[in-house]
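Please open the model in a viewer and keep the selection tool at hand. The tour below proceeds by selection, one region at a time.

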Amino acid sequence: MATLIDRLNVPLQDGARADDSHASNARGGAPLPNNYAPHSSKPAKSGWSRTQITALMETPFMDIILRAQSVHRDNFAPNQIQMSQLLSIKTGGCAEDCGYCNQSAHFDTGLKPSKLMDIEPVLEAARKAKAGGASRFCMGAAWRSPKDRDMDALCDMTQQVKNMGLETCMTLGMLSSEQAKRLANSGLDYYNHNIDTAPEDYGRIISTRTFEDRLNTLGRVRASGMKVCCGGIVGMGEQAEDRIGLLQVLANLDPAPESVPINALVPVAGTPLGESEPIHPIEFARLIAVARILMPQSYVRLSAGREHMSDEAQALCFMAGANSIFVGETLLTTDNPSQNEDHALFARLAITPEAAPD
Ligand code: SF4
């Protein structure tokens, strides 16, 4: 008998199985347990064309959400969300000119730059993050690339945060192969390096490095054995085809990034993109759904911009397959929902935080 998914207009691709028993809960039945361990053992498909992604982006909203939720249940526990906490370990004064960023030294936003934090306050923040339920601790520094003289301190931080039983992630700008290897050897699980937007839109946003520079660092991170955290930003005045181009590059990284942060721009006065129109929540949820379908085994994270999303919009994004959030009251330098708000939303939705892997 044809399932509901079978009757949708857009054909299923690899990585999305309409007939899987795990998916049946998407269409009714008792809630799945929180220790539910799905798993599609199928490798995720890559080689997505723009035509295929455009077809997904143009699919009627209810159909794409249903399909994304089904793909999600094939690959993840449906009522668990991974929680990461982000700390700015070196703020502002960055040599890059990313048009959305108040940490760039090119723009006057009133942000006071600071030097690399000492290790003890970083560890204290990591302890608090763990106590608050975070399973991953992300440390971000506003650099074009780290200096070799900082590597000992960065590796030490990584090791000690890892020893607390947290997953570790850093975002430090471009890396050499040697730096990537050192971080990997010190226990860094993930390296974040976003591609931000489509290759053809990149020059509008950043002039101090190229899209290829970005891909080169991602290649070095992958070669070092670390997992890749890579996503983009929407609401920067991009065209619909730029969103498609962004998703196409992410989905066709081989393998796809394990973590895919999707940011909704928080416009900051004084930056070139400070007056950008926000993305509509329905369009944002659609983007999440398409990301989930294209990258079925990746954690898709609601990142910057969550502060401005209603509970309903966040719930819709979780339905669309988002399964990771940043927690903590600030995200580098912009606001984020408070822990109480997040706990209340999780309780309302019967969502539990995902534990860090052993
Ligand atoms: S986004 Fe990162 S690299 Fe770009 S200006 Fe901000 S801190 Fe620097």
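The stops that follow take in a ligand shell, two groups of strands and two helices.

**Conventions**

Residue numbers start from 1 in each chain and follow the sequence as it is written. The model is predicted, so that local features need pLDDT of at least 70 and side-chain atom pairs count only at pLDDT 80 or more, while totals for chains, interfaces and linings use all residues. Helices (H or I, at least four residues) and strands (E, at least two) are DSSP runs, numbered from the N terminus.

**Stop 1: the ligand**

Select the ligand, then C94, E96, C98, C101, Q103, S104, A142 and G173, which surround it. A residue belongs to this shell if its C-beta atom, placed from the backbone, lies within 6 Å of the molecule. The shell comprises four nonpolar residues, three polar and one charged. In this classification Ala, Val, Leu, Ile, Met, Phe, Trp, Tyr, Cys and Pro are nonpolar, Asp, Glu, Lys and Arg are charged, and the others, Gly among them, are polar.

**Stop 2: strand β2 and its partners**

Next select residues 136-141, strand β2, where six of six residues are buried. Buried denotes 20 or more other C-beta atoms within 10 Å of the residue's own, with C-beta atoms placed from the backbone. R136, C138 and G140 point one way from the strand, and F137, M139 and A141 point the other way.

Add strand β1 (residues 80-90), which pairs with β2 in the parallel sense over six bridges; pairing requires at least two DSSP bridges between the strands. L87 stands opposite M139 in β2. Between β1 and β2 the chain passes through helix α3 (residues 119-131), in a right-handed β-α-β crossover. Right-handed signifies that, with the strands pointing away from the viewer, the path from the first strand over the helix to the second runs clockwise.

Strand β3 (residues 167-171) is also parallel to β2, with five bridges, and E167 in β3 is the bridge partner of R136. Helix α4 (residues 151-163) completes a right-handed β-α-β unit with β2 and β3.

**Stop 3: strand β8 and its partners**

Move to residues 299-302, strand β8. Which residues lie on its two faces? Y299 and R301 occupy one side, V300 and L302 the other, and all are buried.

Strand β7 (residues 259-264) runs parallel to β8 and is joined to it by four bridges; V260 stands opposite V300. Helix α9 (residues 281-294) forms a right-handed β-α-β unit with β7 and β8.

Now show strand β9 (residues 324-327), which pairs with β8 in the parallel sense over two bridges. S324 in β9 is the bridge partner of R301. A right-handed β-α-β unit is made by β8, helix α10 (residues 311-319) and β9.

**Stop 4: helix α2**

Select residues 61-75, helix α2. Its 15 residues should span 21 Å at 1.5 Å a residue, and the end C-alpha atoms are 21 Å apart, which agrees; the expected span is 1.5 Å times one less than the number of residues. Twelve of the 15 residues are buried, including I64, L66, V71 and N75. The cover over the buried residues includes α1 (50-57), α9 and α10, where contact means C-beta atoms, placed from the backbone, within 7 Å.

**Stop 5: L247**

Finally, select L247 in helix α8 (residues 240-252). L247 is buried because 26 other C-beta atoms lie within 10 Å. Leaving aside residues up to four places away in sequence, L247 touches I53, V290, A291 and L294. From L247 to I288 the C-alpha distance is 9.9 Å, across 41 residues of sequence.

Notes
Contact = placed C-beta atoms within 7 Å.
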